[in-house]
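Here are my notes on this one, point by point. Have the structure open while you read.

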Amino acid sequence: MKGLLIFLVIASVCAAVHTAQVFVYGTLKKGQPNHFRMLDAAKGRAEFVAQARTVERYPLVIATKYNIPFLLNVPGTGQRVYGEIYSVDQKMLKFLDEFEMTPKMYQRTTVQLEVQDGPAEQENAPKPGSLIEAFVYSTTTYEPDWLQKQTYESYDAYGLGHVFSFIEESTKPQPEKDSNLESNTEGVTRNQECNGRLRPL
């Protein structure tokens, strides 16, 4: 019994050590089209920590014909961006790296955040106004003219606060099928279709 207790304590400590905090600002937020990925236990664990906004200003722009949100890694310009902080395990972090095509399309860097609010019932919940450092998926691989686009402090996939609605993959036009292709190459994948540039955050 004592050995089992020690094992559980060690397992809990290891689990706590191997977690990271991630700031999401786009389609992975609650109520957005990719939030279900944060809830998929097969991809790992993600626990909501708090709503927050960046301490520094960043350009959050909506770009491409699919109206994808991009956080350009240009601190000091744009606006203080609102989003959500999640505590994730290493499995979920690995999935997010793959989902965001790190480091080719997005780079996982750290960002300073000011907590807005969080679940009051959560033990050790960060207090509003406190500062937290978390990972964020921003990008330096953007088109030069994106720096001239309008910036936003918050993103909504359904056009609230702006006029651009996110176009999900299922509604995107697909190329005509080539009858000479093998069945496992029919259509295009999201990465091929978007030429590696349209990973939503």
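1. Start with β1 and β5: they run antiparallel to each other and share six bridges. If you want one pair to click on, take Thr19, whose bridge partner in β5 is Asp89. Keep in mind that this is a predicted model.

2. Now zoom out to the whole sheet. Going round in the order β1-β5-β2-β6-β7, five strands close into a barrel, with mixed pairing. On average, neighbouring strands in this sheet are turned by 50° against each other, ignoring direction.

3. Next, the helix on the sheet. α2 packs there and touches β1, β2, β5, β6 and β7. Its direction makes about 125° with that of β5.

4. Which residues of α2 are buried? The helix covers residues 90-99, and the buried ones are Met92, Leu93, Phe95, Leu96, Asp97 and Phe99. Residues three or four places apart in an α-helix point the same way, because there are 3.6 residues a turn. The cover over the buried α2 residues includes β1 (19-24), β2 (46-54), β5 (82-89), β6 (107-117) and β7 (131-138).

5. Have a look at what follows the helix, too. Met101, just after α2, has a positive phi of about 55°.

6. Last one: is Ser138, in strand β7, buried or exposed? Ser138 counts as buried because its relative accessibility is 2%, and the cut-off for buried is under 20%. Leaving out residues up to four places away in sequence, Ser138 touches Tyr25, Leu71, Asn73, Tyr106, Gln107 and Thr109.

Technical notes. Residues are numbered from 1 along each chain as its sequence is written. This is a predicted model: local features need pLDDT of at least 70, side-chain atom pairs count only at pLDDT 80 or more; totals for chains, interfaces and linings use all residues. Side-chain values use heavy atoms; hydrogens and water are left out. Buried means under 20% relative accessible area, exposed over 50%, partly exposed in between (1.4 Å probe, protein chains only). Helices (H or I, at least four residues) and strands (E, at least two) are DSSP runs, numbered from the N terminus. Contact means heavy atoms within 4.5 Å. Two strands pair if DSSP finds at least two bridges between them. Axes are lines fitted to C-alpha atoms, for helices over the stretch in contact, and angles run from 0 to 180 degrees between N-to-C directions.
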